[in-house]
Amino acid sequence: MTPKTMTGVMNVTRLTEILAAYGAAPARWPEGERAAAQALFARSLAMGTPAERAMLAEALAEAEALDGALTGLVAPVPDDAMARLTAAVAFPPAQIRQDSRFDLFAMLPMIFKPAAAVGAMMAALGLFVGFTVDPAYSSGDGSDYTVSQNADAGFAAFGQDSGDSAQ
Amino acid sequence: MLRAARTGGRTSQVVERPTGRMQDASDEELVALIGGGDRRAYHVLVERHGRRVLGLARRMMRNLAEAEDVSQDAFLRVWQKAGEWQPRGARFTTWLYRVVVNLCLDRKRRPTMAPIEAAGDPADSRPDAEQTLAKSQQDRHVSAALQALPERQRAALVLSYFEGLSNVEAAGALELSVSALESLLVRARRALRQELQSRGVETGAKEEP
């Protein structure tokens, strides 16, 4: 017997499948099929063919017998077991919580966000200086320093010769 | 009163409740609070579901001591993962049962454990296990037959029959389709009936070939 999904039409075959899977208690039957299954069950036992009645009676007897055997195992959890569980998990170790563990990926934004902000500020400052300060510098004698002249001044400040002045 | 709370980089809906009202919070509200480190909410959740978790684990494992270990692991996992849990339309209990079943299956797979099919009658003779699981000779046979089932079949039967989960919930806990769960249940009940018959327990059914 191959169980079907719950979308099919309710018939005696489907009803026996429900009994075989969920047992005899309608409370355990699929909610969406329960009403239809119960109605068919009552109708089939009253007005079904002998073959249908026999099939349902056998399926019901098997399901009830197994349910009855399992009923003996429905025992409550001992109070002391529950007490032990409550005590055991009363103080969960904080160090194993996800948000308290070292998590490099979680830390990446904390590391890179400030660095990115500083970088953006530096770039903005560079652009500001670049656009507002005139790179040409007047020497007072009417001539302007060139970049190479500025470089020579820099070498001279360190007591070196750039090599251009020897020419 | 709902408020958005940042917990570990995640935003979740958290319900602020006075201490006395914590008992009224839904599972999902409690889990959101636990995700923010609320131990009171955690204790309420353990009190609310502890017995069912223990019951499920006890029927999946061989004895109460193992069931208690599994239950502790399950609730510690709740504590650790609460901040990451997203309902996505599923109930918290479905996820919790899935955790318990998977922990039980993991333990059963450990090589140090004796294969349950070879165990025969329950080997655990501690008074507490016998008193609670098998009060009579027939109950012992039924208990042993249940333990002799393949793990997935037993899990399906325990969730559906003993824990009273709907077929949708049980299927969710086992990460199966409803039709697959139903197939598993049919096979589980058939195998259990055969096992009981082999042990001489009357099941009211004709002997199967």
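**Helix packing and salt bridges between chain A and chain B**

Modeller: In this predicted model, E62(A), A63(A), L66(A), D67(A), A69(A) and L70(A) of α3(A) meet R189(B), L192(B), R193(B) and L196(B) of α9(B). By class, that contact has six nonpolar, no polar and four charged residues.

Biologist: What makes α3(A) and α9(B) roughly perpendicular to each other?

Modeller: The two helices pack at an angle of about 70 degrees, and their axes are 11 Å apart. The term roughly perpendicular covers 65 to 115 degrees. The angle falls in that range, and α3(A) and α9(B) are therefore roughly perpendicular.

Biologist: Why is α3(A) called roughly perpendicular to α7(B)?

Modeller: The axes of helix α3 (residues 50-71) of chain A and helix α7 (residues 151-162) of chain B cross at roughly 85 degrees and come within 12 Å. Set against the range of 65 to 115 degrees, that crossing makes α3(A) roughly perpendicular to α7(B).

Biologist: Which residues of α3(A) and α7(B) meet?

Modeller: On α3(A) they are D67(A), L70(A) and T71(A), and on α7(B) they are L157(B), Y161(B) and F162(B). By class, this contact has four nonpolar, one polar and one charged residues.

Biologist: What makes D67(A) and R189(B) a salt bridge?

Modeller: Their side chains meet at 3.0 Å, N to O. The rule asks for a side-chain nitrogen of Lys or Arg within 4 Å of a carboxyl oxygen of Asp or Glu. The pair satisfies this cut-off and therefore counts as a salt bridge.

Biologist: How many salt bridges does the rule find across the interface of chain A and chain B?

Modeller: It finds five there, and a search of the whole structure finds 16 over all chains. One pair within chain A is E33(A) with R14(A), whose side chains meet at 2.8 Å, N to O.

Biologist: Why does the pair of E33(A) and R14(A) tie together parts that are apart in sequence?

Modeller: E33(A) belongs to helix α2 (residues 31-47) of chain A and R14(A) to helix α1 of chain A, so the pair links parts that are 19 residues apart in sequence.

Biologist: What do chain A and chain B bury between them?

Modeller: They bury about 4,500 Å², 59% of it on carbon and sulfur atoms. In this interface, 47 residues of chain A are in contact with 53 residues of chain B.

Biologist: How many residue pairs are in polar contact across the interface of chain A and chain B?

Modeller: The rule finds 13 such pairs, with both residues at pLDDT 80 or more. On the side of chain A that touches chain B, the elements giving two or more residues are α1 (12-22), α3 and α4 (79-88) of chain A. The largest share of that side, nine residues, comes from α3(A). By class, the side has 30 nonpolar, six polar and 11 charged residues.

Technical notes: Residues numbered from 1 in each chain as written. Chains lettered and ligands numbered in written order. Heavy atoms only, no water. Axes fitted to C-alpha atoms, helices over the stretch in contact; angles between N-to-C directions. Helix = DSSP H or I, 4+ residues; strand = E, 2+ residues; numbered from the N terminus. Parallel < 35°, antiparallel > 145°, perpendicular 65-115°, else oblique. Contact = heavy atoms within 4.5 Å. Nonpolar A, V, L, I, M, F, W, Y, C, P; charged D, E, K, R; others polar. Buried area = accessible area lost by both parts, 1.4 Å probe. Polar contact = N/O pair within 3.5 Å; in protein donor to acceptor, adjacent residues only side chain to side chain.
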